[in-house]
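Let's go through this one by asking a few things about its cavities, its core and its confidence. Here it is.

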Amino acid sequence: MELAFALIIGALTASGVYLILRARTFPVVVGLTLLSYGVNLFLFSSGRLATGGQPILGSTEAYSDPLPQALVLTAIVIGFAMTAFVVVLSLRSLADHEDDHVDGERNVRSTDTHQEKQEGQR
Amino acid sequence: MTHWLTAPILIPLIGGIIQVFMGYAPISLRRTLALITTVLMMVSSIVLLVMASDGSYRLYAFGNWQPPFGIVLVLDRLAALMLVLTSVLALFCHIFSLGGQDEGNRQFHGLFLFQLLGLNIAFLTGDLFNLFVAFEVLLIASYGLLMHGGGRTRTTPGLHYVVLNLIGSAVFLISVGMIYSVTGTLNMAHLAVEIPKVSGEELNIVKAGGLMLLVVFALKAALIPLCFWLPKAYARATAPVAGLFAVMTKVGVYAILRIYFLIFGDSAGALANLGMDWMFYLALITLSMGVIGALGADNLRTLVAWQVVISVGTLLAPIALGSTDGISAALFYLLSTTWTVAGLFLVANLVASQRGSAKDKIVTAPRMHNRTFLSVLFMVGAVAAAGLPPLSGFFAKVLILQSSLDSEQMASLWSVILIGSFFTLIAYSRAGSILFWRTVDGHVENKSPLTGTVSVSAGALVGLSLVIVALAGPIGTYTDATATQLKNPGAYIDVLNTPMVGGNP
């Protein structure tokens, strides 16, 4: 279980970082989401992994730490809010710049067509 | 256990919630209620300052859970100082926003108060995870405030700011997880007890966690190489928001002070003074980078935004040296620089409003209206920021220089701060002489004359540098005591053993 858990966290984080470096808003948003999944799983594992353990003392033989679960819950809630905000902001950026590059720079071709369009209207 | 400790958190929380529900109410009512909230918050933080100035630690445990198991608020001198700093700044920025800057968005006041809520939780909390939550609360409000006023120019810096801070939050959580997995606690006082006991392989995990935490705080504080997001974001924000943001980088500085002197302080065994040797040089490079940016700025607000970076460098250099005098001097400089920089942001906005299409670009333009008043404000702000006598910036820098007299790093600190101040002065002189002296023929239509509220609040923030000079004695005594308290965290750890008595506050 530990190996699978570690591999999943590693894969999520690596894919997240790769996508964030793509510098296009949609991959960046997906990358942030994957990164936060990886982080949440990591946070969960910080209280040691246990199968069948309950977070209440005396209820079972195996005991699992309740604190990381509370932390993950908080982190998930905050993560959702942040993702919603960044999605809206990316849409706004796309509408403002007509391009999904995070710097808002139009690539050369679309600048040409945009200018042609404006000149055509004149 | 006194319930006063929750006041700086509850007041903006309740005020903010009221603002959310009265979004469609007449603006005058919303403004009045919001202003009452900010004033009440200032009163409560001054009460806390008086309470903290006896040098004791006060604890508020939510639900009366004995620490380290519950969430606690801890009030000490440093927290009280930061609360007063923030509430004074917030009051004047808020009054400034009533001059018409709050009209574009129905929820401006709500977001403003939630931002204060986040800041106050961050200063009062005694729990590492709660610090993360406070950061998120203040960040999500700041995202909204940064976009306030709209416009295409704000989208791109806003997006960068949000994405960078989300990555910062992820790193924060990872480091919290690493520290928790070894120590099994997140209460700061308990961590200070547990971390010296860590040894062997686990030491590396805590060390990595602690250093990652430093990266997060450095990102918030805009320490090089994590400072390049700041100038664009701050220069594009609306003036009262940029003024309030002057304290945002100081939250990073506060967190570094709190965590690295309590948890990773002198008594932390193998992990004592973690990362502080690097931080000194990074701070000096940050300072130099800020000066270069200020020299190259092509408009006034970018110039002031780089001043924020300069002040972070000046603050963290003496903190990294870690002497009591150095911390005391840094705290004195913290008060001075936060208010001055915020005042300069407001002045830059007033200048921009009187120059027509030239706005705040550092270019020649027709004579502006009210130029005598504005030039005096700008001069006072620039003198305080660059660190010339007789204003507070000078005294703060002298204290910082004095504090390093006995240390090996004296030469590098003195040269960087003195040469940096000289070039900052050049940057301000250049901007001021072009803006106020070199005028071209023609005139600007006066669409937005200066009103009482904006002039008074901008003038008051800049003028606080005079107040700091006048009260230098008591403020110096307070910062000295704060630094001594920070360097001796033994009493902080005692809050763990404070007996909790149910129903007997």
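Q: Which classes make up the lining of the second largest cavity, and how many residues does each have?
A: This is a predicted model, where local features need pLDDT of at least 70 and side-chain atom pairs 80 or more, while totals for chains, interfaces and linings use all residues. Residues count from 1 along each chain, and chains are lettered from A. A cavity here is a set of points on a 1 Å grid over the protein atoms alone where a 1.4 Å probe fits but cannot get out, and lining residues have an atom within 4 Å of a point. B:Trp229, B:Lys220 and B:Asn165 are among the lining residues, and the tally is nine nonpolar, two polar and one charged.

Q: Which element gives the most to the lining of the largest cavity?
A: This cavity has 17 lining residues, with A:Ser36 and B:Leu166 among those nearest its centre. Both chains contribute, through α2 and α3 of chain A together with α5 and α6 of chain B. With six residues, the top contributor is α2(A).

Q: In chain A, where is confidence lowest?
A: Going by pLDDT, the predictor's confidence in each residue from 0 to 100, chain A has a mean of 83. Helix α1 of chain A is highest at 93. Where pLDDT is low, the predicted coordinates should not be read in detail. The lowest mean, 50, belongs to helix α4 (residues 108-121) of chain A.

Notes. Heavy atoms only, no water. Helix = DSSP H or I, 4+ residues; strand = E, 2+ residues; numbered from the N terminus. 1 Å grid on protein atoms, 1.4 Å probe; cavity = no way out; pocket = protein on both sides within 12 Å on 5 of 7 lines; lining within 4 Å. Nonpolar A, V, L, I, M, F, W, Y, C, P; charged D, E, K, R; others polar.
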